[in-house]
Amino acid sequence: MYRTQINANVPIQNGSGQIIVDLPDILHAGDYLMVGDTETRWRVKESTLIVHDEFHPKKEYVDLVLDVVR
């Protein structure tokens, strides 16, 4: 599972355009996922992996940030 931050320019959940979820795979631009209050189908616009340096408290993790559109 990958802890993933999903960003959208419209509300995804509880009126917020941001949600944190656990995904089983790494998604890439053009992929689709279903998340949020209404289980809306979102298309991944951009996918960013963030690797932390050896001094970061979460150095053993890689963060996945997705920008999505409807």
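**Exercise 1. In which strand is the place of T40, and what surrounds this residue in the predicted model?**

Solution. Begin with the secondary structure: T40 is placed in strand β4, which covers residues 40–51. Next, consider the solvent accessibility, where a relative accessible area of 18% falls under the 20% cut-off, so T40 is classed as buried. Then turn to the pairing of the strands, in which β3 and β4 are joined in the antiparallel sense over 4 bridges, and V35 has T40 in β4 as its bridge partner. Finally, list the contacts, leaving out neighbours within four places in sequence: T40 is in contact with L33, M34, V35 and R70.

**Exercise 2. In what order do the 5 strands of the open sheet stand, and which strands stand at the edges?**

Solution. The strands follow one another across the open sheet as β2-β1-β5-β4-β3, with mixed pairing. From this order the edges can be read directly, since β2 and β3 (32–35) each have a single partner strand, so that one side of each is left without a neighbour in the sheet. As to the geometry, neighbouring strands are turned against each other by 40° on average, if direction is ignored. For the pairing of β1 with β2, the two strands run antiparallel and are joined by 6 bridges, and within β2 it is Q18 that stands opposite N7.

**Exercise 3. Determine which side chains of β3 are buried and which are not, and set them beside the two faces of β2.**

Solution. The general expectation is that side chains in a regular strand alternate between the two faces of the sheet. Along β3 this alternation is found, with L33 and V35 pointing to one face, where they are buried, while Y32 and M34 point to the other and are not buried. In β2 the covered face is made up of I19, V21 and L23, whereas Q18, I20 and D22 make up the uncovered one.

**Exercise 4. Identify the residues that touch the most other members of the largest nonpolar core, and state which strands supply this core.**

Solution. As background, nonpolar side chains tend to be buried together in soluble globular proteins. The largest nonpolar core has 14 residues, of which I6, I12, L33, W42, L66 and V68 touch the most other members. At least two residues of this core come from each of β2, β3, β4 and β5 (62–69). To follow one of these residues further, take L66: when residues up to four places away in sequence are not counted, L66 touches T4, Q5, I6, N7, L23, L27, V44, E46 and S47.

**Exercise 5. Which residue forms a salt bridge with D22, and which strands does the pair tie together?**

Solution. The salt bridge is formed between D22 and R3, whose closest N and O atoms are 2.9 Å apart, and the count for the model comes to 1 salt bridge. Locating the two partners, D22 lies in strand β2 (residues 18–23) and R3 in strand β1 (residues 2–7), so the pair ties together parts that are 19 residues apart in sequence. In accessibility the partners fall into separate classes, for D22 is partly exposed with a relative accessible area of 38%, while R3, at 53%, is exposed.

**Exercise 6. Examine the positive phi values of N14 and G36, and then describe the surroundings of the loop residues Q13 and H28.**

Solution. The starting point is that most residues other than glycine have a negative phi. N14, although not a glycine, has a positive phi of about 50°; this residue is found in the loop between β1 and β2 and is exposed, with a relative accessible area of 70%. G36 takes a positive phi near 100° in the hairpin of β3 and β4, which has 4 residues between the strands.

Q13 also has its place in the loop between β1 and β2, and counts as partly exposed at 30% relative accessibility. Apart from residues up to four places away in sequence, Q13 touches I19, G36 and D37.

H28, in turn, lies in the loop between β2 and β3, and its relative accessible area of 47% makes H28 partly exposed. With residues up to four places away in sequence again not counted, H28 touches V44 and S47. The C-alpha atoms of H28 and D67 are 10.0 Å apart in space, the two residues being 39 residues apart in sequence.

Terms used: Residues are numbered from 1 along each chain as its sequence is written. This is a predicted model: local features need pLDDT of at least 70, side-chain atom pairs count only at pLDDT 80 or more; totals for chains, interfaces and linings use all residues. Side-chain values use heavy atoms; hydrogens and water are left out. A salt bridge is a side-chain nitrogen of Lys or Arg within 4 Å of a carboxyl oxygen of Asp or Glu. Buried means under 20% relative accessible area, exposed over 50%, partly exposed in between (1.4 Å probe, protein chains only). Contact means heavy atoms within 4.5 Å. Two strands pair if DSSP finds at least two bridges between them. Axes are lines fitted to C-alpha atoms, for helices over the stretch in contact, and angles run from 0 to 180 degrees between N-to-C directions. A nonpolar core is a set of buried Ala, Val, Leu, Ile, Met, Phe, Trp, Tyr and Cys residues joined through side-chain atoms within 4.5 Å.
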